[in-house]
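User: Please examine the strand pairing in the model shown below. I shall put several questions on its topology.

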Amino acid sequence: MRKKILSAMLSLAMLCTALSGCGGSAAKEESKAPEQNSSEEKGSEEKAEADTELEGDITFWHSFTQGPRLETIQEAADKFMQEHPKVNIKIETFSWNDFYTKWTTGLASGNVPDMSTALVGQVSEMINSDAIIPLNGLIDDIGRDKFYENALNELSVDGNNYAVPLYSHAMVMWVRKDLLEKNNLEVPKTWDELYEEAKALTKDGVYGLSFPCGSTDFQATNFLNFYVKGAGGSLLTDDLKANLTSDLAIEGINYWLKVYKDCSPKDSINYNVLDQATLYYQGKTAFDFNSGFQISGVAANSPNLLDYVDCYPIPTIKGTEQKGITTSNQPLVIWKNSKHPEICEAFIKTLYDEDTYVKFLHSVPVGMLPAIKGIEDSEAYKEDPTIQKFAHAEEVISSQIPGGTAIGFEHGPSVQAGILTNQHVIEEMFQDIITNGTDVKTAAKAAEDKLNSLMEAATQ
């Protein structure tokens with residue numbers, strides 16, 4: 001999978017611009033002293049290792065643009081630099097979409113950071129471009145058994161772990177309990193029930209459910225994936241081809257077009273994830289799909305509605321119980337071009353110190369759930385008032401993490417899954433149908449062909 005032709009990757013990067021390691025771990029392995037070494041010799045070796053002083057400058061790109069998360073990461077970097085005065089950590093912040101354009105276009109010139117956050121689907125593309133290094137040693141140092149196995153597997157290829165999961169969340173259905181109660185409605189369990197209730201609640205300045213398909217984001221891909229994967233299907237075939245023309249995919253496309261027509265603001269044809277979420281934050285939609293980040297958004301925009309928001313599993317066609325559709329284990333990566341991967345590893349390791357880690361998770365309580373075991377049971381974690389208030393929401397989201405995957409990862413990590421989300425072809429398909437009246441099956445076939453061409457170019 002690795003060391004593919006770089007020019008193919010860069011051609012994809014240029015398309016994206018218009019729209020929106022080999023080797024082992026960098027950490028030095030501890031030399032194993034022979035058994036006959038005296039305790040004094042071992043002590044000397046440990047002291048020499050402890051006396052090794054970190055020195056150098058690193059650049060850290062991340063997409064934590066919200067104030068509390070940004071501030072918490074900066075505090076952690078400041079503390080690390082205090083403890084290592086010869087280290088300088090320069091932090092630069094980009095939105096998730098800007099970050100993708102930044103690294104793909106900067107790869108050829110080496111204009112990439114030393115370490116960064118990433119989206120799960122992007123990690124496979126980074127591996128394919130030979131742009132990041134394995135972090136097996138770092139994960140072992142932190143404690144491999146502390147991480148949830150499925151989170152590590154999504155970030156691994158050929159037995160190598162190329163990223164460290166920092167936090168987890170899952171997509172769920174958010175509801176307005178007051179609107180349901182006022183209209184004598186139950187929480188919908190099937191897609192048909194959701195449509196009927198959303199249509200009934202589209203009144204009095206409130207939309208039942210917004211359908212976002214802006215071409216600078218992958219929200220329409222996300223929503224279509226909810227429908228298809230919830231029925232046991234996939235937007236990729238077993239041999240990793242785009243799968244938009246199956247009966248199930250066509251059914252899902254038509255479902256979301258119906259929602260757009262009857263329940264959604266017409267401007268949502270251009271909505272990205274923040275546009276979509278803001279409607280719910282402001283009390284202008286009855287239903288939405290998102291992670292626990294909805295809570296902090298409502299708190300900032302409409303605190304009077306906090307008593308009326310809650311979440312439930314995403315509906316399915318027949319209302320059958322499911323244990324997760326879309327899960328995200330947000331990772332950190334170290335770039336192959338870094339001159340100081342040892343500094344990156346040392347800094348990342350400190351982010352998992354319990355005090356620092358809990359403080360980071362509390363910067364968006366319930367929005368970011370622990371990627372390592374045991375934290376959720378600690379008193380320090382549980383004492384947060386938002387976590388206490390939204391215990392049901394946290395329980396629902398946590399229940400959806402084990403059975404979910406990143407979009408397209410039902411078949412394991414792949415470049416194809418990254419292209420599925422990062423090239424926004426499905427969003428363009430929906431816009432073509434809505435704006436130009438293109439026949440659904442015709443538009444789906446054109447989008448499928450385009451995705452397959454991109455996937456073939458990236459994997460030759």
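User: Which handedness does the β-α-β unit of β1, helix α3 and β2 have?

Analyst: This is a predicted model in which local features need pLDDT of at least 70 and side-chain atom pairs count only at pLDDT 80 or more, while totals for chains, interfaces and linings use all residues. Residues are numbered from 1 along each chain as its sequence is written, and side-chain values use heavy atoms, without hydrogens or water. Helices (H or I, at least four residues) and strands (E, at least two) are DSSP runs, numbered from the N terminus. A crossover counts as right-handed if, with the strands pointing away from the viewer, the path from the first strand over the helix to the second runs clockwise; the unit of β1, α3 (residues 67–83) and β2 is right-handed.

User: Which residue of β2 stands opposite Trp-61?

Analyst: Strands pair if DSSP finds at least two bridges between them. Seven bridges join β1 to the parallel strand β2 (residues 87–93). Opposite Trp-61 in β2 stands Glu-92.

User: Which residue of β3 stands opposite Trp-61?

Analyst: β1 is also joined by two bridges to β3 (residues 115–117), and these strands run parallel. In β3, the residue opposite Trp-61 is Ser-116.

User: Which strands stand at the edges of the open sheet β8-β9-β7-β10?

Analyst: The four strands of this open sheet have mixed pairing. One side is left without a neighbour in the sheet where a strand has a single partner, so the edge strands are β8 (207–209) and β10 (309–312).
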